[in-house]
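Colleague: Please take a close look at one part for me, the pocket that ranks at the top by volume. Walk me through its lining, then set it beside the rest of what you have.

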Amino acid sequence: MCPDCQCPTRRIHSFYQRKLADLPWQGRPATLIVSVPRFFCQTMLCPRRTFVMPLEGITVRHGRQTTRLADLHYYIAHTLGGSAGARMTVRLCCPISADTLVRRLLSRAQNTTKGMARTRVVGVDDWAWRRGHHYGTIVVDLEKNDVIDLLPDRDADTLARWLQVHPGIEIIARDRAGAYADGCRRGAPSALQVTDRWHLLKNLSDAFVSILDRFTTTVRTLTRQLNVSTAVSKISETIRAHPEEAQAVVRSASGERRDILFKEALALKAAGHSIQAIATTIGVERKTVRRWFQRGHAPPWKRTVPLRSILVPYAAHLEKRWSEGCRNSRQLWRELLEQGFAGQYGTVWKWVATRQGYSAKSAPSTHVAPPLGRRLARLLLADDPLSAGQEGLLVPALLEAEPQLAVTLCWLRKMQTLLCKRGDTCTEGNLKALLKEGKTTLLSRLIPALERDAAAIEASLVSPWTTSPVEGQISRLKMIKRTMFGRAGFELLRARVLQPA
């Protein structure tokens, strides 16, 4: 059929051959030699006299490769890029240059954008082309979890123009950036904006950490007082000075616990329980319970009698030198070597360490450094600050010394409860009441921005849409950008990030 006049014909003019590169066969490059007929157009008024039969579904016009080989090259370029893709095609026995792979990828990406279907729910977030200098915008279809488009910047005008070109969007999930809020209002005024609750919680946390710097002096003072007054340091000093007495106390407490367990075992035995049941009840091994019954009591732990130390023959010399004030373990070891001592330096060092009142292993310091910054914020926002040990004792003292901080902390916990959807608190009235209450806290400067974005925050409390899938796509974008060693332009990066056609 003539491509100009659309009239059928069967009159053959001639034949010619086309050589088309095809998929490899048995690990060897394959070439198709196709004999293509040329026909006469028999319509007198048609300007075209001859035409060639098109090879639809096999190749394109003036193409030198089959369609399936071109598709293979495109998918390789989309996955690996130019240079890596070219090396892979050599291994697959269908070699092609890196530049051709990139050109094929870019041309296919342009056709994909033109035929993009309408989307209903999108997520918008920024990504760093160069952190702190240049940022772009990624748009993701939240229903399909596919990247729709990349924008070269994060300006409100760029996003508004993109939304106007793509009508039909009903819900837009975004962070609290003012540029995105403005662009969504101008580009899709009828769309429902949903702010991301994780970003909002992070903004509140960062603001809370910033105000904690005002209380650094108070925290240091309270921590210093806590280190002086706590009984933990006194107990640790006692243990260090009298380790034998501390070990005796521990052993006596363990013996009392075993006596209590033995009495419970006797009571259970008198009640008619078996040895297995008694062992399960009191949490002791069955053989241990039987041994207790055979002996008639719970035997105390016996300390292993230490072997005779090799320092015993030299004890008199060590005591004399110690009374003279020598505390240098290396010097004492050299003197013992001159008297025939065959032991190592570590033996003498342990003896000196024991005489000085501390064990060979350094005891952990009981001094608590003042928690500042995010460490203090985590301590204040914890459900049970006292579980943090000695640091937890600082929280009630700090809140008592700074009442305004206690008010701010109470309000922040209410906001966390609301945004984390804990309980039946996700209502519009509660949000407005909390924002009004927040004006009396130390975070009052954050309230006007939250009031401007109140509609999007309320939508996030009742809507399931978030920007979490967008963050995942941003991680994928960073991985692709790094595989190209940061040398790819925006168009090539966009072509690789978009879903393959």
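Modeller: S1 gives the most to the lining of the largest pocket: four residues. This is a predicted model. Strand S3 (50–52) joins S1 among the elements that each supply at least two lining residues. In total, 20 residues line the largest pocket. Those nearest its centre are Arg18, Val52, Pro54, Arg61 and His62. The space in this pocket comes to about 520 Å³. By class, its lining splits into 10 nonpolar, six charged and four polar residues.

Now the second largest pocket. Its volume is about 450 Å³. Its lining has 17 residues, and strand S4 (121–130) and helix H21 (468–483) each give two or more of them. Nearest the centre lie Trp127, Ala128, Arg131, Tyr135 and Lys478. Here the classes read 10 charged, five nonpolar and two polar. Set that beside the largest pocket, where 10 lining residues are nonpolar and six are charged.

Back to S1, and the segment before it. Strand S1 covers 12–25, and glutamine 6 sits in the segment that precedes it. The phi of glutamine 6 is positive, near 60°, and this residue is not a glycine. Its relative accessible area is 45%, so glutamine 6 is partly exposed, under the 50% that exposed residues must pass.

Cysteine 93 also has a positive phi without being a glycine, at about 65°. Cysteine 93 lies in the loop that links helix H2 (82–91) to helix H3 (98–114). What about disulfides? A search of the whole structure turns up zero. Cysteine 93 is in none; its nearest cysteine sulfur belongs to cysteine 94, 7.5 Å away. The cut-off for a disulfide is 2.5 Å, so that pair does not count. Cysteine 184 is a buried case: its relative accessibility is 0%, and buried means under 20%.

One last site, threonine 221. Helix H7 (residues 216–229) holds this residue. Threonine 221 has 30% relative accessibility, so it counts as partly exposed: the class runs between 20% and 50%. Its C-alpha is 8.7 Å from that of proline 370, although 149 residues separate the two in sequence.

Conventions. Residues are numbered from 1 along each chain as its sequence is written. This is a predicted model: local features need pLDDT of at least 70, side-chain atom pairs count only at pLDDT 80 or more; totals for chains, interfaces and linings use all residues. Side-chain values use heavy atoms; hydrogens and water are left out. Buried means under 20% relative accessible area, exposed over 50%, partly exposed in between (1.4 Å probe, protein chains only). On a 1 Å grid over the protein atoms alone, a cavity is a set of points where a 1.4 Å probe fits but cannot get out, and a pocket is an open set with protein on both sides within 12 Å along at least five of seven lines; lining residues have an atom within 4 Å of a point. Grid points are joined across faces, edges and corners, and a volume is the space filled by probe spheres set on the points. Ala, Val, Leu, Ile, Met, Phe, Trp, Tyr, Cys and Pro count as nonpolar, Asp, Glu, Lys and Arg as charged, and the others, Gly among them, as polar.
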